[in-house]
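Got the viewer open? Let's take a walk through this one, stop by stop.

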Amino acid sequence: MAFMRYYRALPQGETTVEEFRAWLSQFDADGDGRISREELERALRSLNLWFVWWKAREAVRAADANRNGAVDGDEMGRLYAFAHKHLHLKMSQLGLGLGLEE
Ligand SMILES: [Ca+2]
């Protein structure tokens with residue numbers, strides 16, 4: 001899959017881009033497979049981060065390469081990179097709220 005190249009390009013972290021995507025999919029309220037700014041804001045709020053509206057706006061702005069207002073497809077790798085670099089997410093903690101059924 002296309003997004004795998006982001007995974008290989010990034011340094012090894014506690015959470016892979018696939019796990020990040022799975023975590024975010026919980027917040028995909030309308031189930032369209034894209035993460036909007038509002039959905040990302042909810043995701044960041046679940047981590048008890050501050051200034052989530054601002055962080056979500058900056059993150060979508062950084063990741064939304066085709067400017068359709070949502071993060072989808074290959075852009076998930078860009079969002080993951082942004083989260084790592086700028087949001088200082090403790091990626092190992094993302095799994096705590098995961099609760100996804102395979
Ligand atoms: Ca997009």
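At roughly what angle do the axes of H4 and helix H5 (residues 75-87) cross? Select both helices and look: the axes come within 8 Å and cross at roughly 135°. That angle makes H4 oblique to H5, and the crossing is right-handed. Bear in mind as you go that this is a predicted model.

Stay on this pair and show some side chains. On the H4 side, pick Lys 55, Ala 59, Ala 62 and Ala 63; on the H5 side, pick Glu 75, Arg 78, Leu 79, Phe 82, Ala 83 and Leu 87. Those residues make the contact. Color them by class and you get seven nonpolar, no polar and three charged.

**Zoom out for a moment**

Switch to a cartoon of the whole chain. You should find six helices and two strands, and tracing along the sequence gives α-α-β-α-α-β-α-α. The chain has 102 residues, and 27% of them are buried. How much of the contact map joins residues at least 24 apart? Counting contacts between residues at least 6 apart in sequence, that share is 46%.

**Next stop: H3**

Select helix H3, residues 37-45. Which of its residues are buried? Highlight Glu 39, Leu 40, Glu 41, Ala 43 and Leu 44. Two of the names in that buried list are Glu, so don't skip past them. Now add what these buried residues pack against: helix H2 (17-25), strand E1 (35-36) and helix H4 (52-63).

Keep H3 and H4 on screen and hide the rest. Their axes come within 8 Å and cross at roughly 130°, so H3 and H4 are oblique to each other. H3 passes H4 in a right-handed crossing. To see the contact, select Arg 37, Leu 40, Glu 41, Leu 44 and Arg 45 on H3, then Val 52, Trp 53, Lys 55, Ala 56, Arg 57, Ala 59 and Val 60 on H4. By class, this contact of H3 with H4 has seven nonpolar, no polar and five charged residues.

**The loop between them**

Now bring back the loop between H3 and H4 and pick Asn 48, which lies in it. Check the backbone here: Asn 48 has a positive phi of about 60°, although it isn't a glycine. Is Asn 48 buried or exposed? Asn 48 is exposed, because just 8 other C-beta atoms lie within 10 Å, and 12 or fewer counts as exposed.

Slide along to Phe 51, which is also placed in the loop between H3 and H4. Phe 51 has a positive phi too, about 55°, and isn't a glycine either. With 10 other C-beta atoms within 10 Å, Phe 51 is exposed.

**Last stop: the core**

Finish inside. The largest nonpolar core has 18 residues. Which of them touch the most other members? Select Leu 40, Ala 59, Val 60, Val 71, Leu 79 and Tyr 80. The elements giving two or more residues to this core are H2, H3, H4, strand E2 (70-71) and H5.

Center the view on Ala 59 to close the tour. Leaving out residues up to four places away in sequence, Ala 59 touches Leu 40, Leu 79, Phe 82, Ala 83 and Leu 87. You've met Ala 59 already: it is part of the H3 contact with H4 and of the H4 contact with H5.

Notes. Residues numbered from 1 in each chain as written. Predicted model: local features only at pLDDT ≥ 70, side-chain atom pairs only at ≥ 80, totals over all residues. Helix = DSSP H or I, 4+ residues; strand = E, 2+ residues; numbered from the N terminus. Buried ≥ 20, exposed ≤ 12 C-beta atoms within 10 Å, placed from the backbone. Contact = placed C-beta atoms within 7 Å. Axes fitted to C-alpha atoms, helices over the stretch in contact; angles between N-to-C directions. Parallel < 35°, antiparallel > 145°, perpendicular 65-115°, else oblique. Left-handed = near helix turned anticlockwise from the far one by under 90°. Nonpolar A, V, L, I, M, F, W, Y, C, P; charged D, E, K, R; others polar. Core = buried A, V, L, I, M, F, W, Y, C linked by C-beta atoms within 7 Å.
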